[in-house]
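Good morning, colleagues. Please take a moment with the sequence and the coordinates on the screen before I begin.

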Amino acid sequence: MNELVRRHTTLTGADVEWLHMLVSEWQLLSDLSFADLVLWIPTWDGIRYVSVAQMRPNTGPTSYQDDMVGHLVPRGRRPLLDAAFDEGRIVREGDPEWREEVPVRVESIPVRREGKVLGVIARNTNLLTVRTPSRLELTYLQSASDLAQMIAAGSFPFPGVEQADMDAAPRVGDGLIRLDADGIVTYASPNALSAYHRLGLTSDLVGSHLGRATADLAPPSRSAVHEALVKLASGWAPRQTEVEAQGGVVTLRAIPLKPKGTLTGSLVLCRDVTELRRRDRELMTKDATIREIHHRVKNNLQTVAALLRLQSRRMESESGRAALDEAVRRVGSIAIVHETLSQALDEQVAFDEIADRVLAMVMELSQDGRVATRRTGSFGILSAEVATPLSMVLTELLQNALEHAFGPTASGNLEVSALRGRAPATGMGWSDSWNGGARPEEYLLITVQDDGRGMPEGFDPQTAGNLGLQIVRTLATGELGGTFDMVAGPNGGTKVILEIPVR
């Protein structure tokens with residue numbers, strides 16, 4: 001819509017915002033009218049109209065098989081559009097049009113904002129299935145007529161009122177209740193009556209005051225909350241809320257009807273969301289359980305690390321103490337991932353924070369600050385099944401650099417960088433064996449580079465190395481499905497390259 005308005009019209013930003021509000025609400029008008037809606041706006045030169053939005057009804061057959069958005073028609077071709085725009089009134093005159101052997105009744109509703117007519121809604125009703133209307137259909141049509149008059153008067157959508165969430169808001173077919181000006185129910189659709197029976201209603205709604213009947217069904221509460229519920233369910237103001245009683249949950253949305261500027265009644269749309277809320281609670285319970293499990297795993301890992309640390313202090317062998325210290329860091333890196341997962345709402349983690357904490361933990365080996373470290377780039381969001389082995393790989397690489405690149409006394413720099421993006425068309429070490437020869441959609445390129453003493457003569461990173469490098473090779477190529485290599489740095493030292501597919 002924004003692009004069409006900018007290209008073809010002279011409407012202001014406030015006008016366009018009003019049209020967006022209208023379009024977000026007009027499914028209601030379409031369903032109540034059993035009709036298609038097309039929004040036409042005059043072009044900047046005033047000689048044509050451009051269609052900027054379209055809506056089809058959920059309650060009846062469509063009048064348009066094709067998408068009308070973007071179509072241009074000259075003034076004069078559709079006299080009802082001209083009359084509605086020029087005179088600022090709803091125009092219903094004329095015989096039905098025939099489209100592909102289907103009779104269509106066309107009406108035009110001016111769209112007004114602050115006294116200015118911005119455009120015209122063409123309401124097109126497919127007459128092929130017209131039959132004697134029921135009480136439900138008559139109520140729909142009367143409500144649609146009231147809404148159309150409010151649009152023509154500029155009082156709908158409701159200015160200054162926060163827009164309802166249309167995805168969660170009840171629709172016409174979910175349940176409709178028509179109230180008079182005093183809040184008395186004059187009609188309740190079968191679905192609406194079923195929703196109230198779910199809340200515990202044992203009588204009919206027609207003839208009762210909906211606000212008081214709804215408040216009586218709700219559990220005892222504070223008087224202020226009770227009065228607010230009475231007012232909302234009475235339809236005096238455009239509001240939305242949920243009512244829970246007798247194990248049922250119903251969403252209510254009130255829409256005051258003021259076709260002539262004064263309140264003549266209101267619509268209350270209702271939707272039984274009991275099962276939806278039950279599933280939401282189950283998911284919340286499961287999420288809380290999963291987070292609790294991660295929290296307990298983290299605590300257990302920290303306990304294991306503490307026991308290993310105690311054992312290390314009792315070791316007389318220097319090599320044994322070093323091995324236990326390495327095990328403490330490996331366990332600690334896994335614990336960091338589980339701690340992060342215990343605070344997340346799903347099994348996804350922002351790995352940058354984990355990388356920084358792993359870097360800080362490993363750097364405890366260099367407490368005198370002789371090795372300067374930094375991280376560049378971003379790992380992005382990773383799944384738990386990638387984050388856990390990657391944290392161990394990063395721990396081993398950092399620990400290996402401190403021990404073998406610098407030794408116990410040397411100083412230098414150590415940098416971890418991450419680059420994430422689409423897999424390149426060629427190169428960068430991707431293995432054609434992945435996914436049967438298909439490259440992954442995204443890759444994560446990780447480098448760990450130091451300016452230390454470099455690799456010894458004849459060192460082969462794919463076969464040689466200590467336990468740490470064996471762990472790196474196993475996790476990087478096996479569990480992570482990536483590639484691993486160690487090369488000489490451009491300015492001395494060693495550069496470790498990891499390429500991991502992110503699916």
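With which residue does Asp352 form a salt bridge? The partner is Arg375, and the closest N and O atoms of the two residues are 3.6 Å apart. I should say at once that this is a predicted model, and every value I quote is computed from it.

Let me stay with that pair for a moment. Asp352 sits in helix α11, residues 351-362, while Arg375 belongs to strand β13, residues 371-377. The two residues are 23 positions apart, and the pair links distant parts of the chain. As for their surroundings, Asp352 is buried because its relative accessible area is 19%, under the 20% limit. Arg375, in turn, has 27% relative accessibility and therefore counts as partly exposed.

Let me now step back to the overall architecture. The secondary structure of the protein comes to 13 helices and 18 strands. Its radius of gyration is 34 Å, whereas the globule rule gives 23 Å for 503 residues; the computed value is well over that figure, so the protein is more spread out than a compact globule. Taken along the principal axes, the C-alpha atoms fill a box of roughly 95 × 60 × 40 Å. Of the 503 residues, 49% count as buried.

I return to the salt bridges, of which the count comes to 24. A second example is formed by the side chains of Arg198 and Glu275, at 3.4 Å from N to O. Arg198 lies in helix α6, residues 190-198, and Glu275 lies in helix α9, residues 274-314, so this pair ties together parts that are 77 residues apart in sequence. Both ends have intermediate accessibility: Arg198 counts as partly exposed at 34%, and Glu275 counts as partly exposed at 37%.

A third example is the pair Arg75 and Asp82, whose closest N and O atoms are 3.8 Å apart. Here the two ends fall into separate classes. Arg75 is partly exposed at 33% relative accessibility, whereas Asp82 is buried, with a relative accessible area of 11%.

Next to Arg75 in the sequence comes Gly76, which is placed in the loop between β3 and α4, the latter being residues 79-87. Gly76 is partly exposed, with a relative accessible area of 49%. Its C-alpha atom is separated by 8.8 Å from that of Arg48, and these two residues are 28 positions apart along the chain. A second such distance concerns Ala213, in helix α7, residues 210-217. Ala213 and Ser194 are 19 residues apart in sequence, and their C-alpha atoms are 15 Å apart in space. Ala213 counts as buried, at 19% relative accessibility.

I turn now to the backbone. Which residues other than glycine have a positive phi? One of them is Phe34, with phi of about 55°. Phe34 lies in the loop between α3, residues 27-33, and β1, residues 36-42. Another is Glu114, where phi is near 50°. Glu114 is found in the loop between β5, residues 102-113, and β6, residues 116-126. Their accessibility places them in opposite classes: Phe34 counts as buried at 17%, whereas Glu114 is exposed, with a relative accessible area of 70%.

Glu114 also takes part in a network. Salt bridges that share partners join Glu114 with Asp15, Arg113 and Lys116.

One further backbone feature deserves a mention. The peptide bond from Phe156 to Pro157 is cis, with omega near 0°. Pro157 lies in the loop between α5, residues 135-153, and β7, residues 176-180.

Finally, I come to charge on the surface. Which residues gather in a patch of negative charge there? They are Asp66, Asp67, Glu100 and Glu101. Asp66 is located in the loop between β2, residues 48-55, and β3, residues 72-74. Is Asp66 buried or exposed? The cut-off for exposed is over 50% relative accessible area, and Asp66 has 52%, so Asp66 counts as exposed.

To close, I return to the opening question: Asp352 and Arg375 form a salt bridge, and this pair links distant parts of the chain. Thank you for your attention.

Technical notes: Residues are numbered from 1 along each chain as its sequence is written. This is a predicted model: local features need pLDDT of at least 70, side-chain atom pairs count only at pLDDT 80 or more; totals for chains, interfaces and linings use all residues. Side-chain values use heavy atoms; hydrogens and water are left out. Patches are made of residues with over 30% relative accessible area and no salt bridge: like charges are joined within 9 Å, nonpolar side chains (Val, Leu, Ile, Met, Phe, Trp, Tyr) within 5 Å. Accessible areas come from the Shrake-Rupley method with a 1.4 Å probe; for residues, only the protein chains shown count as cover. A salt bridge is a side-chain nitrogen of Lys or Arg within 4 Å of a carboxyl oxygen of Asp or Glu. Lys and Arg count as positive and Asp and Glu as negative; His and the chain ends are not counted. The place of a charge is taken as NZ of Lys, CZ of Arg, CG of Asp or CD of Glu. Helices (H or I, at least four residues) and strands (E, at least two) are DSSP runs, numbered from the N terminus. Buried means under 20% relative accessible area, exposed over 50%, partly exposed in between (1.4 Å probe, protein chains only). The radius of gyration is taken over C-alpha atoms; the globule rule is 2.2 Å times the number of residues to the power 0.38.
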